[in-house]
Amino acid sequence: MDYILNKGLVKAWLRKLIKHGILVAPIRLEGGDIIFKEAFNPDNILLECKKTLYSAKPFFLPQEETLFTFRERSFGTIKEVFDEFPRIFFGLRPCDLKAIIQADRFFTENYQDPYYRKRREHTLLIVVGCNDPDSNCFCHAMGLGPFYHEGADIFLADMGKSFIATPITPNGINAVEKYRYFFEEATAEQQGEKSRYELTAMQKLVANLPLTDVRACYSLIDDEFVSGISRKCAACGSCSYVCPMCFCYNVVDRENKDLEGKRVRTWDSCIFEGFTRMAGRHNLIKSRQERLKKRFAHKLKQYPETYGFPGCTGCGRCSLTCLGHISMLDVLKKVTAEVGK
Amino acid sequence: MNKNELTPKPAVIKNIIDETADTKTFTLVFTDPEEQKRFQYKPAQFVEISVLGVGEAPISITSSPSQQGFLELSIKRVGKLTEVIHQLKPGDEVGIRGPYGNGFPADEVKGFDLLFVAGGIGLAPLRSLINWVMDNRQDYGKVKILYGARTPGDIVFTRELTRWTGEPDTEVLYTVDRGDPQWQGNVGLVTQLLPRIELTPATYTAFICGPPVMIPFVIKDLLALGFKEENIISTLENYMKCGIGKCGHCLLGGKYICMEGPVFRYNEMKELGFGE
């Protein structure tokens with residue numbers, strides 16, 4: 001069932017929900033950047049805003065997380081560290097959501113990663129549809145869309161003065177039913193209006209990029225093409241850092257003078273030369289060009305082969321952050337034009 | 001499954017053998033006897049060895065599964081972690097995670113004649129399989145072992161090279177890139193030993209392990225001799241961090257080498273883009 005949630009009541013509802021966990025929502029920083037941040041009360045969160053600078057990835061795979069601590073290099077002192085705080089995410093976009101659902105598969109298939117699983121177990125995902133995708137967005141071409149919500153606990157469609165709320169999972173239904181007095185049942189007319197918002201947003205996305213067959217695109221990304229863009233790559237790794245679908249990590253030990261140590265997991269990037277460098281300086285992946293090609297191959301070929309969809313959610317954040325203006329959207333535009341010929 | 005695969009299990013160093021100036025073989029036994037029993041491995045699987053406060057690195061197991069109750073790792077001093085490991089003494093503890101990787105297909109090659117071609121410390125994983133074969137000699141045909149080291153001082157497992165020479169149906173040849181005044185043996189690349197042994201490529205499976213520069217040359221020569229691609233088995237040298245197909249470092253051609261490898265037949269290696 002769909003409900004109407006007046007925008008004036010959203011923060012009152014969230015104030016109830018934060019009794020059950022820490023609220024994470026879009027917040028405008030002093031410099032103007034908008035990011036997902038933990039909010040101790042909902043006053044300063046943004047109910048409507050442009051895409052956040054980063055996805056919600058840092059809350060599931062932190063840039064640096066402690067796996068365990070130890071003292072004096074002794075194995076008997078190892079203490080594993082888990083983050084089991086319940087968190088309520090508000091304002092996730094479809095691109096953020098899809099990446100979390102993929103991380104669920106990645107970190108629980110074959111091997112259950114306890115650090116990820118414990119973080120993820122106690123979360124409520126409230127997704128807000130995108131009425132106004134920006135010029136870097138192309139989630140529709142990656143199989144999503146402005147109102148994509150598979151895996152969300154609650155989906156909210158922005159109707160201007162109110163949201164239409166669709167609780168999906170038992171947890172989502174519970175979060176609405178428990179505070180039912182904030183919600184009214186949506187009429188058929190309001191539901192129709194929701195579809196119009198979705199169509200309008202979809203048109204903006206299609207204007208950015210026609211629908212694409214990602215695998216056909218990949219076949220056109222040849223050495224010459226990659227060589228051209230690799231000259232602009234600064235090998236800074238920021239594309240991986242902002243990518244919600246990049247999960248590669250490194251594991252390193254840190255120790256202070258008092259021999260208190262910890263083993264941490266940190267983000268890593270296949271764009272770094274040291275990513276594949278071994279002892280004795282052997283490196284199977286020799287050039288920046290090969291590293292970039294490997295990145296495209298992983299996202300546009302191997303991901304579809306393994307999971308049935310690309311390793312990209314079309315969020316466009318890599319285009320925004322790249323120092324060399326290498327843009328996944330531009331890459332796909334260019335090769336899509338080739339496919340069309 | 002609630003097990004935390006990323007936390008290493010402590011193991012005590014029982015013995016240390018100096019193989020060469022920069023390589024030592026460590027005998028390890030898990031501190032927890034239950035863990036020691038649980039730890040079953042295949043030849044050439046690898047472990048992640050840890051020194052807390054320094055880090056961890058993948059090292060292939062050099063002992064044979066036919067010898068139970070301990071494991072042996074031969075470690076060359078090449079970086080920060082291995083430097084620290086080389087300073088450890090018997091009685092010290094290290095951390096072990098694993099075993100990881102697919103290991104050598106010891107069962108699939110039963111009945112075959114076996115050719116081993118090793119370079120440098122690459123003999124360590126092959127030694128695991130060679131000793132397995134020696135302990136199950138009736139299951140395998142002829143054995144030829146070719147080994148190349150940089151200098152006479154770099155030859156590892158000298159005691160076993162001698163012992164294998166005395167085994168039935170076994171031929172061992174070794175060579176060095178550069179000799180010294182006392183050296184009476186072969187000088188030259190390991191590939192130069194190939195014409196000196198009698199090989200019937202149809203009955204042989206070849207196992208190759210060595211520095212990345214060596215492997216393509218050996219493969220080329222074996223193909224020229226008439227070896228089938230699927231009867232040439234090698235290990236892909238690739239950096240592996242987590243061992244469980246997650247950290248991404250070893251991803252190659254869409255495959256996590258730590259899970260689906262590091263051992264591949266040459267036809268599989270080609271699919272991953274090796275040797276092109």
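Here is a friendly talk between a trainee and a mentor about a predicted model with chains A and B.

Trainee: Let's start with chain A. Into which domains is chain A divided?

Mentor: The centres of the two domains of chain A are 25 Å apart, taken over C-alpha atoms. As for the bounds, the division of chain A gives domain 1 (3-208) and domain 2 (214-340).

Trainee: How much area is buried between domain 1 of chain A and domain 2 of chain A?

Mentor: Begin with the contact itself: 42 residues of domain 1 of chain A are in contact with 39 residues of domain 2 of chain A. Carbon and sulfur atoms give 60% of the area buried there. The total buried between these two domains is about 3600 Å².

Trainee: Which three residues supply more than any other three of the area that domain 1 of chain A buries against domain 2 of chain A?

Mentor: That buried area, on both sides, is about 3600 Å². On the side of domain 1 of chain A, the leading three supply 18% of what this domain buries, and they are Lys57(A), Phe138(A) and Met142(A).

Trainee: How many salt bridges does the rule find across the interface of domain 1 of chain A and domain 2 of chain A?

Mentor: A good pair to look up in chain A is Arg317(A) and Asp96(A), whose side chains meet in a salt bridge at 3.1 Å, N to O. With Asp96(A) inside the bounds 3-208 and Arg317(A) inside 214-340, you can place one partner in each domain. For the whole interface between these domains, the count is five salt bridges.

Trainee: Now chain B. How many salt bridges does the rule find across the interface of domain 1 of chain B and domain 2 of chain B?

Mentor: First, the assignment of chain B gives domain 1 (9-100) and domain 2 (113-235), with centres 24 Å apart. In chain B, 19 residues of domain 1 are in contact with 17 residues of domain 2, and about 1400 Å² is buried between them, 52% of it on carbon and sulfur atoms. Glu72(B) and Arg127(B) meet in a salt bridge through their side chains (2.9 Å, N to O). The rule's count across this interface is two salt bridges.

Trainee: And between the chains, which residue forms a salt bridge with Arg263(A)?

Mentor: The contact between the chains takes 37 residues from chain B and 39 residues from chain A. It buries about 3400 Å², of which carbon and sulfur atoms give 63%, and the rule finds one salt bridge across it. With closest N and O atoms 3.3 Å apart, the partner of Arg263(A) is Glu56(B).

Trainee: Which element gives the most to the lining of the second largest pocket?

Mentor: This pocket has a volume of about 1100 Å³ and is lined by 33 residues, with Glu290(A), Leu252(B), Leu272(B), Gly273(B) and Phe274(B) nearest its centre. The elements giving two or more residues are helix H9 (288-307) of chain A, and helix H5 (214-225) and strand S13 (251-252) of chain B. With nine residues, the one that gives the most is H9(A).

Trainee: How many residues of each class, nonpolar, polar and charged, are in that lining?

Mentor: The lining takes in 33 residues. Sorted by class, they come to 13 nonpolar, ten polar and ten charged residues.

Trainee: One last spot: which residues does Thr151(B) touch, leaving out those up to four places away in sequence?

Mentor: Look in the loop between strand S8 (143-149) and helix H4 (158-165) of chain B, where Thr151(B) is found. Its C-alpha atom is 20 Å from that of Phe116(B), 35 residues apart along the chain. The residues that Thr151(B) touches are Val176(B) and Arg178(B).

Technical notes: Residues numbered from 1 in each chain as written. Chains lettered and ligands numbered in written order. Predicted model: local features only at pLDDT ≥ 70, side-chain atom pairs only at ≥ 80, totals over all residues. Heavy atoms only, no water. 1 Å grid on protein atoms, 1.4 Å probe; cavity = no way out; pocket = protein on both sides within 12 Å on 5 of 7 lines; lining within 4 Å. Points joined across faces, edges and corners; volume = space filled by probe spheres on them. Helix = DSSP H or I, 4+ residues; strand = E, 2+ residues; numbered from the N terminus. Nonpolar A, V, L, I, M, F, W, Y, C, P; charged D, E, K, R; others polar. Domains from an automatic or database assignment. Contact = heavy atoms within 4.5 Å. Buried area = accessible area lost by both parts, 1.4 Å probe. Salt bridge = Lys/Arg side-chain N within 4 Å of Asp/Glu carboxyl O.
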